[in-house]
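User: I have a two-chain model on my screen. Please take me through it in short questions and answers.

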Amino acid sequence: MQTPDNTMTEQLKDTTDLKKTKATDPAIESGLKRLTRDRIKRTINQVLEKETGPRFKAYVETCMRCGLCADACSYFLSNDRDPHFMPAAKVKNTIWKMLAKKGEVSKDFLRQAVRISHLECNVCKRCAMYCPFGIDIAYMMLLVRRICHKLEITPQYIQDTVNSHSVTLNQMWVKDDEWIDTLQWQEEDARDEFEDLQIPLDKVGADIMYSVIAPEPKFQAGLIYQAAAMMHAAGMDWTMPSTPGWDNSNMAMYTGDNEISGRIARAFFETAAKLRVKRVVMGECGHALRSVYDMGNRWNSWAMPPFEVVHALAFYHELLTEGRITIKEKYKKKVTLHDPCNVSRGRGLHDKARQVVNMVCENFVEMVPNREHNYCCGAGGGVINCGPPYKGERMVNNKNKAEQLAATGAEVLIAPCHNCHSGLEDIIHHYGLEMEIKFLGDLIYETMEKKIYTPGK
Amino acid sequence: MNSFIAFIMGPMVWISVIIFLGGLLIKFFGIIWSVRQKEPYIFSYMTVRHSLRSIGAWLIPFFPKSTRLRPVYYGVSYLFHILLFVIPLFLASHIVLINEAFQVSWPALNNSLADWLTLVVIAALVFFAVRRNMVPEVKFLTAATDYLLILVVILPFITGFLAYHQWFAYRWMVVAHVLSGELMLIIIPFSRFSHMLTAPLTRAYMGSEFGNVRHARDW
C-alpha cells in the first residue's frame, strides 16, 4: 500500500531554479495531498510514453536552446524579460525535468508545473512562429495540463467548468429549461423591435444551426438578441437546438481532460446532425472555434469537422458582402481591432475581420503588431477560467498588451472573442485605459439597417 | 602509431561518413515508421505544398517577421549554416581527395577566400558561445552540452585553418583535423545536431497545420 510521501521534496531537488510558488488553490493543494510517489511517476510516464509519439520526441530532441521563442511570449515581455516566462523555459521547467527524472518529481515541482502550464501560458501558439523549427510549445504545455488532470491537481475554478460540461454538456451549469427560457425571452424582447422575429428551435433541415457558448445565456443574453436580429434582418433560414449540445465551448480541452472534451464536441456535432443543418454558425468565441474546428473533431476521429463551421467573423463578412445586411450609418468613433489567437493564427480570419471593420467603421487604426503576430489577450487558453484568485498576477502578466492597446489611441477596442473580451476588459480597467470594449457584432447591430424581414418578400 | 594514423586517415573517414549518412537515414525511416504506428494523423494534415511553403519561407534570410526582430543573431546564423556546408564541400583540398577516390570533381573555392570564410565560421561559433553566456534568456536554457556541441563544430575549422597555414606541427594538425571532422560527423545522428533532419520535419508539420488547417502564415 502506498502512502503519501511528504519527504519527497527533500529527496528530489528538482525545483532549484524555479520561482517560489505559494500554495493558494484548494483544489491543487488537496489534490497534491492525495498523491503518492508511485502514482506521480506512473502517470507522468504513461502520458509521456503512451500518449505521445515521434512528434513529441522530435520537439524535445530538436530544440537547440537558442532562446528565440522568448520574444514571442507576452508573459516574458510583460515581466521585464524574466527568463522564467520564456516559452522554452516553461518546457525546461516541466517536460525536460520530467523526462530527466523519469517521472520521479516532487510535489513542489508539480505545484509549479500546474502554475506554468495553466497560468503562465495561453497556448496561443505565437511562439510557434518565432521558433525557427516550428516547435509547438503550446502542445507541450497542454501535455503538462493533461498530466495535471490525470493527477487531479487542476485549478479549482476551471475544473468546475469541466464538471459542469460533464454533467450538463454546457460550461456554466445552465439548466435545460433555463436555456429554452432564455431564448424565448430574447425572442420576445426582440419582437418589440422586429415584428415577427423568431428564434426557431429545433427546426430540422434549416440551413444554419446557430450556436453560442454558455456565458451568453448565463449573463450576456443580449448577444443572442443581436444575433437573432441579424439573422432576421438577413432573412436566414436558421435554428438553435433546444437540447444539450447547443454549447460549443470546451474548457475540458484546456484542462487536458480529453475524454470529456471529446464528449462535448461529439454532442455538438450530433446535435447538428440531428437537425440536419447544412452548416454551423457560431458566435464570437475563439476557443469554441478551436474545439469544433481543430481539436474536438480530431479526438472524435474526424480529420476536419463533419460540418462546415463558420465563425461569426466569416459570417458577418458573408452577410455584408452579399448585401444581406446593409450598414445605415458607419460607426464614427476611432476603433482598433484585437486578433484573437484562435480566429487569426488558428483560422486565418484576420483579413476578413478587417474588411468587416472597414465596412462598419469610419475610423479604424491598427494595433502593432497585428494579424497572426498580434499579442495574446492574456486571458485565453483557460487562463482567465482559473478564476479570481489569479486575477492580480494576470494583470501583471498583461502589461505588454496594455501598452500595445494604449499606443493605438483608439476609443473603442473590438475583441471578437469571449475570452479575449473578458480579459481585455480587465486590462482596460486595471491599467485605466480610456477605451470602450465591444464585440464586432455590437457594432454591426448598432449601425445596421434594422430591416423587418417578411418571408417570401 | 603509424597504423593508427593510417586508420584515422583512411577507413575511419568512410566509417564516419557511413555512420553520419546511415544514422540520419535510419533516424528518418524510424520517424516515418513511428509516425505510421503512433501518430498517423500527422500524414493526414501534411501537404507537400504547405510544407515547402513554410520551409521555403524560413530559408529566405529575413523573410519571416520574427527574424527581422533579431537581425544580428539571424544574420550570423544564416551565414554560419550556409558556410558550414559550403566550405567543406567546395574546399580545393577536399575536392582533390574526392577526385583521387572517385574521379569526380567540381569547381573549388579560391583558397584564400576559403581561408577567410573559415575565420568567419570560427567567429560565428565564438559569437554563439558568448551569446549563450551573455543573453539571460539563452543562458537560462544553456547546459554544458550546449558548449560541448559548439566545441565539436569549432574543432575541425580551427584545426583545418592551422593545418592550411602549416604554422606548426603540420602533420599532427592534419590528423587532428581529420579526427575532429570524423567526430563531428559521427555525433550528428546521435545529438541535437540531428536538427538538420528533424527541423525540416517539424517545420513542415507546423507549416502544414498553419497552411492547410489554420489558413494562416507561420512566418
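User: In chain B, what share of contacts between residues at least 6 apart in sequence join residues at least 24 apart?
Analyst: This is a predicted model, in which local features need pLDDT of at least 70, side-chain atom pairs count only at pLDDT 80 or more, and totals for chains, interfaces and linings use all residues. Residues are numbered from 1 along each chain as its sequence is written, with chains lettered from A and ligands numbered from 1 in the order in which they are written. Two residues are in contact if their C-beta atoms, placed from the backbone, lie within 7 Å. Among the chain B contacts between residues at least 6 apart, the share joining residues at least 24 apart is 66%.

User: How many helices and strands does chain B have?
Analyst: Helices (H or I, at least four residues) and strands (E, at least two) are DSSP runs, numbered from the N terminus. Along the sequence, chain B reads α-α-α-α-α-α-α-α-α-α-α-α. The count is 12 helices and 0 strands.

User: What percentage of chain B is buried?
Analyst: A residue is buried if 20 or more other C-beta atoms lie within 10 Å of its own, exposed if 12 or fewer, and partly exposed in between; C-beta atoms are placed from the backbone. Chain B has 219 residues, and its C-alpha atoms fill a box of roughly 60 × 40 × 35 Å along the principal axes. The buried share is 26%.

User: Which helix gives the most to the side of chain A that touches chain B?
Analyst: The contact takes 38 residues from chain A and 39 residues from chain B. On chain A, α4 (54-62), α6 (87-100) and α15 (286-299) each supply at least two residues. With 6 residues, the top contributor is α4(A).

User: Is B:Pro136 buried or exposed?
Analyst: B:Pro136 is found in helix α9 (residues 136-141) of chain B. Beyond its neighbours within four places in sequence, B:Pro136 is in contact with A:Arg81 and A:Pro83. Because B:Pro136 has 12 C-beta neighbours inside 10 Å, this residue counts as exposed.

User: What arc do the buried residues of α3(A) cover?
Analyst: Helix α3 (residues 37-50) of chain A has 14 residues and reaches 19 Å from first C-alpha to last, close to the 20 Å expected at 1.5 Å a residue (1.5 Å times one less than the number of residues). Its buried residues are A:Arg37, A:Ile40, A:Ile44, A:Val47 and A:Leu48. They sit on the same side of α3(A), because the arc (of directions from the helix axis to the C-beta atoms) is only 120°.

User: Which exposed residues lie on the face of α3(A) turned away from its buried side?
Analyst: An α-helix has 3.6 residues a turn, so residues three or four places apart point the same way. The face turned away from the buried side of α3(A) carries A:Asp38, A:Glu49 and A:Lys50.

User: Which strands stand at the edges of the open sheet in chain A?
Analyst: Two strands pair if DSSP finds at least two bridges between them. The sheet has 4 strands in the order β2-β1-β3-β4, with parallel pairing. Two of them have a single partner strand each, so one side of each is left without a neighbour in the sheet. Those edge strands are β2 and β4 (308-311).

User: Which residue stands opposite A:Ile208 in β3(A)?
Analyst: Both faces of β1 (residues 208-211) are covered, with A:Ile208 and A:Tyr210 buried on one side and A:Met209 and A:Ser211 buried on the other. 4 bridges join β1(A) to β3 (residues 279-282), and the two run parallel. Opposite A:Ile208 in β3(A) stands A:Arg279.
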